[in-house]
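Visitor: I would like to know how the words used for a structure follow from its numbers. Please take me through one.

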Amino acid sequence: MEWPKRARTADWENGVLTLDREKKFETPELTAEIMERLARYTLVGFHVKGCPVTDELLAPFAGHKSMVNFGVEDGALTDACFPVFSAMPKLRYLLLDGNAAISGLPALQGCKLDLLTLNRTGLDDAGLLQAASIPKLSHIQIDHTAVTYEGLLAIAGNNRIEPVAHMQFTKEQMEHFSQLQREKAKNPVQLDKQAVEECRRVLSAFFAEMTEWEQYMEQAGFEDAQAVPRLLAIWEKYVSEKPGYRPLGLSYSAQGTYNGEEFLDAEQITKNKLCIYTREKNTGFDRRFLMKRVGEGWMIDAVQERLNGWQRSEL
């Protein structure tokens, strides 16, 4: 086949190699020669599905300087593949589902991975513990592995990582793990239960008024003369940070940003500051609201969303 001079992505499946999502080549198998040629491209993404790729075949990619997203699904990789990935300085997403011989994660502790998928592998408790020491890892998928529930609980001290396991453990077990994560991350300050109830009442009222405002916006549109005044009135009542994001740049969700919010937990920061944890019941989206005592009541000081760890967001 006539190879192009440049390529940014490469995908192989069912005997077809696709470069940059449009150039297709009949390629019955991935040979050492083909892998060497692919490794010479400045690829940012390379995915292989259903090919018995071995550790040796990956050797040309060691130290690949531009690779961000790499995946070998249903291959023949073992733990010996990880030095190849650890030498990729820009690697953020590593997808290794279906490589049954993988059990541990040696050599990845210095990586900057955000996402690691290991469904249908031999990943065990020791391997999961190694994953928890990867500095920036925020999501790891572990369905159909050898990880036990005790092994999962052993990484609860890492409040940044979010294991994804829809089949491996029950919903109740995953909820307990999340609770344990929050407990371990809390400051050792006694929880003021009355303050928590007051903060939840404030948040419930804020959610209700924001939902009502968003329903109004859906009907009236951004040009309506009451759009900003109504929103500023909500901010004046509930939000200590002024003027806040939305009053400056109007936006709304037709479904309601806080229409399905459920209270999960609370954490006392100081006498006059605490966090209320919530989850959107339909999407499973996690937030925590930083609450601040103002005078005799409580107001919303800020909100964070759980993306790559907890990150500041806009109300």
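Visitor: What percentage of the residues in the protein chain is buried?

Guide: This is a predicted model. Of the 315 residues in the protein chain, buried residues make up 45%. The chain holds 8 helices and 14 strands. Its C-alpha atoms fill a box of roughly 70 × 50 × 30 Å along the principal axes.

Visitor: What makes Trp 3 a buried residue?

Guide: Buried means under 20% relative accessible area. Trp 3 has 13%, so Trp 3 is buried. Tyr 41 has 8% relative accessibility, and therefore counts as buried by that cut-off.

Visitor: How many aromatic pairs are there in the whole structure?

Guide: A search finds 16 aromatic pairs. One of them is formed by the rings of Trp 3 and Tyr 41.

Visitor: Why is the pair of Trp 3 and Tyr 41 called tilted?

Guide: A pair of aromatic rings is described by the distance of the centres and the angle of the planes. The centres of Trp 3 and Tyr 41 are 6.2 Å apart, which is within the 6.5 Å limit for a pair. Their planes stand at 35°, and planes under 30 degrees apart would be stacked, while those over 60 would be edge-to-face, so this pair is tilted.

Visitor: Where in the chain do Trp 3 and Tyr 41 lie?

Guide: Trp 3 is in the segment before β1 (9–13), and Tyr 41 is in the loop between α1 (32–39) and β4 (45–49). They are 38 residues apart, and the pair links distant parts of the chain.

Visitor: Why is the pair of Phe 206 and Tyr 238 called edge-to-face?

Guide: The planes of Phe 206 and Tyr 238 are at 70°, which is over 60 degrees, so the pair is edge-to-face. Their ring centres are 6.0 Å apart. Phe 206 belongs to helix α6 and Tyr 238 to helix α7, with their positions 32 residues apart in the chain. Both are buried, and both are in one aromatic cluster, together with Phe 207, Trp 235, Tyr 258, Phe 263 and Phe 289.

Visitor: How do you know that the length of helix α5 agrees with its number of residues?

Guide: Helix α5 has 15 residues, 171–185, and at 1.5 Å a residue it should span 21 Å. Its end C-alpha atoms are 21 Å apart, so the two values agree.

Visitor: Which residues of α5 are buried, and why are they said to line one face of the helix?

Guide: They are Met 174, Phe 177, Ser 178, Gln 181 and Arg 182. Seen down the axis of α5, the buried residues fall within an arc of 135°, so they line one face. Among the elements that cover them are α4, β9, β10, β11 and β13.

Visitor: What makes Arg 182 count as lying over the face of Tyr 277?

Guide: Arg 182 is 5.9 Å from the ring centre of Tyr 277. The distance cut-off is within 6 Å, so this value passes; the direction must also be within 35 degrees of the ring normal. The charged end of Arg 230 sits over the ring of Tyr 216, 4.0 Å from its centre.

Visitor: How do you know that β13 pairs with β12?

Guide: Two strands pair if there are at least two bridges between them. β12 and β13 are joined by 8 bridges, so they pair, and they run antiparallel. One bridge puts Met 291 opposite Ile 300 in β13. β13 also pairs with β14 over 4 bridges, in the antiparallel sense.

Visitor: Why is β13 described as mostly covered?

Guide: In β13, 8 of its 11 residues are buried.

How values were computed. Residues are numbered from 1 along each chain as its sequence is written. This is a predicted model: local features need pLDDT of at least 70, side-chain atom pairs count only at pLDDT 80 or more; totals for chains, interfaces and linings use all residues. Side-chain values use heavy atoms; hydrogens and water are left out. Helices (H or I, at least four residues) and strands (E, at least two) are DSSP runs, numbered from the N terminus. The expected span of a helix is 1.5 Å times one less than its number of residues. Buried means under 20% relative accessible area, exposed over 50%, partly exposed in between (1.4 Å probe, protein chains only). The arc is that of the directions from the helix axis to the C-beta atoms. Contact means heavy atoms within 4.5 Å.
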